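I opened a new page for this structure. I wanted to look up its sheet, its interior and a few single residues.

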Amino acid sequence: MANAASGMAVHDDCKLRFLELKTKRTHRFIVFKIEEQQKQVIVEKLGEPAQGYEDFTASLPADECRYAVYDFEFLTEGNVPKSRIFFIAWSPDTSRVRSKMIYASSKDRFKRELDGIQIELQATDPTEMGLDVFKSRAN
C-alpha cells in the first residue's frame with residue numbers, strides 16, 4: 001500500500017479542465033481531490049471566470065489536502081495586464097498524516113500532467129498562499 005500513491009491515476013477530466021483554463025480561460029481556478037478508493041485525482045470544483053481569490057480560498061477545505069490551479073491576473077509596473085498559472089499544493093497542518101503523505105508523493109506526477117503551470121506554491125495554512133504571496137511570486 002505504501003507505493004499506491006505513486007501509482008495514482010489522473011482522470012482525463014483533470015487535464016481537459018486545465019486545458020480550458022489555460023487556453024480558453026473558462027475557469028478562474030480548479031480544485032483537485034485524490035479519490036483514495038479509486039486511486040485517482042479528480043476535479044472537485046471549478047471556479048467561474050468572474051470568481052476571485054476569496055472564492056478560491058473558500059473552496060479549499062480547512063482540514064483536508066487538495067491540489068489546486070489558480071489563474072492569477074495582475075498588472076505589471078507599466079500597467080500591462082498579465083496572468084500566471086499557479087499550482088497550489090494545499091496540505092493543512094490539521095489534515096490526516098496519511099492524506100498528507102499521499103498528496104506529497106503524488107504531487108510531481110500529477111503536476112507533470114498539467115502542462116503550462118508557471119509557479120508552484122506549497123501551503124499548510126492560508127497565510128502561505130495569501131494574495132501578497134501570489135503578487136510577489138507572479139512578478
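My entries follow, one topic at a time.

**Entry 1: the model.** I noted before anything else that this is a predicted model.

**Entry 2: the sheet.** I looked up how the strands are arranged. They form an open sheet of six strands in the order E1-E3-E2-E4-E5-E6, and the pairing is mixed. At the edges I found strand E1 (9-10) and E6, each with a single partner strand, so one side of each has no neighbour in the sheet.

I then checked both edges. E1 and E3 run parallel and are joined by two bridges. Alanine 9 has glutamine 40 of E3 as its bridge partner. At the other edge, E5 and E6 also run parallel, with five bridges between them. Here phenylalanine 86 is the bridge partner of isoleucine 119 in E6.

**Entry 3: the faces of E6.** Which side chains of E6 are buried, and which are not? I found that they alternate: Ile119, Leu121 and Ala123 point to one face and are buried, whereas Glu120 and Gln122 point to the other and are not. This follows the general pattern: in a regular strand, side chains alternate between the two faces of the sheet.

**Entry 4: helix H4.** I went through helix H4 (residues 131-138) and listed Val133, Phe134 and Ala138 as buried. Viewed down the axis of H4, the buried residues fall within an arc of 125°, so they line one face of the helix. The exposed residues Asp132 and Ser136 are on the face turned away from the buried side. I also looked up what the buried residues of H4 pack against: helix H2 (53-58), E4, E5 and strand E6 (119-123).

**Entry 5: the nonpolar cores.** The largest nonpolar core has 20 residues. Phe32, Val41, Tyr67, Val69 and Phe110 have the most contacts inside this core. H1, E2, E3, E4, E5 and H3 each give two or more residues to the core. I noted a second, separate core of 19 residues, which includes Val31, Ala68, Tyr70 and Leu121.

I followed phenylalanine 32 further. Leaving aside neighbours within four places in sequence, its contacts include Cys14, Val41, Tyr67, Val69, Tyr103, Phe110 and Leu114.

**Entry 6: aromatic pairs.** I counted ring pairs next. How many aromatic pairs are there? The count comes to 15. I looked at one of them, tyrosine 67 with phenylalanine 110: the ring centres are 5.0 Å apart and the planes are at 20°, so the pair is stacked. Tyrosine 67 belongs to strand E4 (residues 66-75) and phenylalanine 110 to helix H3 (residues 97-113), so the pair ties together parts 43 residues apart in sequence. Both tyrosine 67 and phenylalanine 110 are buried.

Ring pairs also link Phe29, Tyr53, Phe56, Tyr70, Phe72, Phe74, Phe86 and Phe134 into a cluster.

**Entry 7: glutamate 44 and arginine 66.** I found glutamate 44 in strand E3 (residues 40-47) and arginine 66 in strand E4. Are they buried or exposed? Glutamate 44 counts as partly exposed because its relative accessibility is 36%. Arginine 66 is buried, with a relative accessible area of 5%. Their side chains are joined by a polar contact of 2.8 Å.

I then compared what surrounds them. Not counting neighbours within four places in sequence, glutamate 44 is in contact with Val31, Phe32, Lys33 and Arg66. With residues up to four places away left out, arginine 66 touches, among others, Leu60, Pro61, Ile88, Trp90 and Tyr103. I also noted that the C-alpha atoms of glutamate 44 and lysine 33 are separated by 5.8 Å, although the two residues are eleven apart along the chain.

**Entry 8: positive phi.** Most residues other than glycine have a negative phi, and I looked up two that do not follow this. Arginine 25 has a positive phi of about 55°. Arginine 25 sits in the loop between helix H1 (12-24) and strand E2 (29-35), and at 33% relative accessibility it counts as partly exposed.

Asparagine 79 has a phi near 60°, also a positive value. Asparagine 79 is in the loop between E4 and strand E5 (81-90) and is exposed, with a relative accessible area of 57%.

Terms used:
Residues are numbered from 1 along each chain as its sequence is written. This is a predicted model: local features need pLDDT of at least 70, side-chain atom pairs count only at pLDDT 80 or more; totals for chains, interfaces and linings use all residues. Side-chain values use heavy atoms; hydrogens and water are left out. Rings of Phe, Tyr and Trp (its six-membered ring) pair if their centres lie within 6.5 Å; planes under 30 degrees apart count as stacked, over 60 as edge-to-face and the rest as tilted. Helices (H or I, at least four residues) and strands (E, at least two) are DSSP runs, numbered from the N terminus. Buried means under 20% relative accessible area, exposed over 50%, partly exposed in between (1.4 Å probe, protein chains only). Contact means heavy atoms within 4.5 Å. A polar contact is a pair of N or O atoms within 3.5 Å; within protein, one must be able to donate a hydrogen and the other to accept it, and residues adjacent in sequence count only if both atoms are side-chain atoms. The arc is that of the directions from the helix axis to the C-beta atoms. Two strands pair if DSSP finds at least two bridges between them. A nonpolar core is a set of buried Ala, Val, Leu, Ile, Met, Phe, Trp, Tyr and Cys residues joined through side-chain atoms within 4.5 Å.
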